[in-house]
Amino acid sequence: MALSAAIFDLDGTLVDNMRFHIQAWVAMSRSLGLETPAERFEREFNGRRNEEIFPALLGRPVPPEELARLSEQKESHYRALYAPHLAPLRGARELLVRLRDAGLGLAVASAGPRPNRAFVLDGLHLRPFFSQVIGAEDVTRGKPAPDLFLAAARALGVEPSGCVVFEDAVHGIHAARAAGMLAVGVTTLTPAEVLREAGAHWVTSDFASLPADFEHVLLGGR
């Protein structure tokens with residue numbers, strides 16, 4: 001079946017930035033008097049919304065005002081860390097041009113907050129490629145729930161079965177599969193075998209070296 005749309009996660013997918021997010025989370029944790037290993041942020045929290053992460057991290061409900069303050073502290077630290085390194089993942093811009101020219105619908109679906117999405121999409125001039133940008137504020141559940149990807153398909157006006165998702169996190173692969181979409185794992189943070197075990201149909205290290213059989217599925221004769 002011909003694909004009609006491609007949906008991209010942002011952090012760790014369009015940009016190789018997860019180590020900077022994790023540095024900021026570890027620093028945030030220490031500022032709260034906690035010693036949380038980086039691995040917990042990699043495995044348990046990657047792909048989740050801050051509204052889900054902070055209560056799990058603190059072990060208690062977090063009132064909205066406190067959540068907003070803590071989130072801004074963590075996210076502004078992340079942006080300061082990553083700003084000198086801001087760059088698209090290898091081949092990203094070229095792939096987006098090919099997909100746009102082939103007539104596929106393009107969307108971003110990210111649990112990251114709006115300022116982080118603007119930081120990357122506007123900082124790298126990628127926003128014009130995407131007709132839809134779906135964020136944490138658009139859904140009630142983060143990944144591994146399929147909500148973000150299903151919202152992206154609805155916004156694009158396409159069936160989930162006609163979508164392929166590019167995603168770096170196990171939770172994201174689970175979400176894509178739960179949405180009934182094809183899933184491509186991007187190995188910026190998580191090993192290929194782990195993404196395959198999570199359900200990725202294909203894996204790739206970047207967008208310049210996509211598997212040949214996936215290229216055929218993605219673009220066919222277009």
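A helix in this tour is a DSSP run of H or I that covers at least four residues, and helices are numbered from the N terminus, which gives names such as α4. The model on your screen is predicted.

**Stop 1: the largest pocket**

Select R49, N50, E51, L67, A68, S71, A111, G112, P113, R114, A136 and E137, which line the largest pocket. Two elements, α3 (50-58) and α4 (64-82), each give two or more residues to this lining. Which element gives the most to the lining of the largest pocket? Colour α4, since α4 gives the most, with three residues. The volume of the largest pocket is about 210 Å³. By type, its lining residues are five nonpolar, three polar and four charged.

**Stop 2: helix α3**

Stay with α3 and show N50, I53, F54 and L57, its buried residues. Looking down the axis of α3, you will find these buried residues within an arc of 90°, so they line one face of the helix. The general rule behind such a pattern is that an α-helix has 3.6 residues a turn, so residues three or four places apart point the same way. Now show α1 (18-31), α2 and α4, which are among the elements that cover the buried residues of α3. Just past the end of α3, select G59, where phi is positive, at about 70°.

**Stop 3: the cavity**

How many cavities of 30 Å³ or more does the structure hold? There is one. The space in this largest cavity is about 250 Å³. To find its centre, select D11, M18, N46, G47 and R48, which are the closest to it of the 23 residues that line the cavity. The elements α1, α2, α3 and α4 give two or more residues to the lining. The largest share, four residues, comes from α1. The lining of the largest cavity has eight nonpolar, seven polar and eight charged residues.

**Stop 4: the second largest pocket**

Select E42, R43, N46, A169, V170, H171, L189, T190, P191 and V194 to outline the second largest pocket. It holds about 160 Å³ of space. At least two residues of the lining come from each of α2 (38-45) and α8 (170-178). The lining divides into five nonpolar, three polar and two charged residues.

**Stop 5: helix α5**

Select residues 92-101, which form α5, and mark the buried residues A92, L95, L96 and L99. Seen down the axis of α5, the buried residues lie within an arc of 100°, so they line one face of the helix. What do the buried residues of α5 pack against? Show β1 (5-8), β2 (105-109), β4 (163-167) and α10 (212-219), which are their packing partners. Then turn the helix round: the face away from the buried side of α5 carries the exposed residues E94 and D101. Just after α5 comes G103, with a positive phi of about 90°.

**Stop 6: a residue in strand β5**

Move to strand β5 (residues 182-186) and select A183. Is A183 buried or exposed? A183 has 0% relative accessibility, so A183 counts as buried. Show its contacts more than four places away in sequence: V165, I173, A176, R177, A200, H201 and W202. For a distance check, A183 and A2 are 15 Å apart in space, C-alpha to C-alpha, and 181 residues apart in sequence.

**Stop 7: salt bridges**

The structure holds 15 salt bridges. Select K143 and D9, which form one of them, with their closest N and O atoms 2.9 Å apart. This pair links distant parts of the chain, 134 residues apart: K143 is in the loop between β3 (132-134) and α7 (147-156), and D9 is in the loop between β1 and α1. K143 is buried, with a relative accessible area of 1%, and D9 is buried too, at 5%.

Select D206 and R90, whose side chains meet in a salt bridge at 2.9 Å, N to O. D206 lies in the loop between β6 (202-204) and α10, and R90 in the loop between α4 and α5, 116 residues apart. D206 counts as buried at 8% relative accessibility, whereas R90 counts as exposed at 52%.

Finish with R98 and E215, a salt bridge whose closest N and O atoms are 2.7 Å apart. R98 is in α5 and E215 is in α10, so the pair ties together parts 117 residues apart in sequence. R98 is partly exposed, with a relative accessible area of 37%, and E215 is partly exposed, at 23%. As a last selection, show D9, K143 and E167 together, which are joined into one network by salt bridges that share partners.

Technical notes:
Residues numbered from 1 in each chain as written. Predicted model: local features only at pLDDT ≥ 70, side-chain atom pairs only at ≥ 80, totals over all residues. Heavy atoms only, no water. Buried < 20%, exposed > 50% of the residue type's maximum accessible area, 1.4 Å probe, protein only. Arc of directions from axis to C-beta. Contact = heavy atoms within 4.5 Å. 1 Å grid on protein atoms, 1.4 Å probe; cavity = no way out; pocket = protein on both sides within 12 Å on 5 of 7 lines; lining within 4 Å. Points joined across faces, edges and corners; volume = space filled by probe spheres on them. Nonpolar A, V, L, I, M, F, W, Y, C, P; charged D, E, K, R; others polar. Salt bridge = Lys/Arg side-chain N within 4 Å of Asp/Glu carboxyl O.
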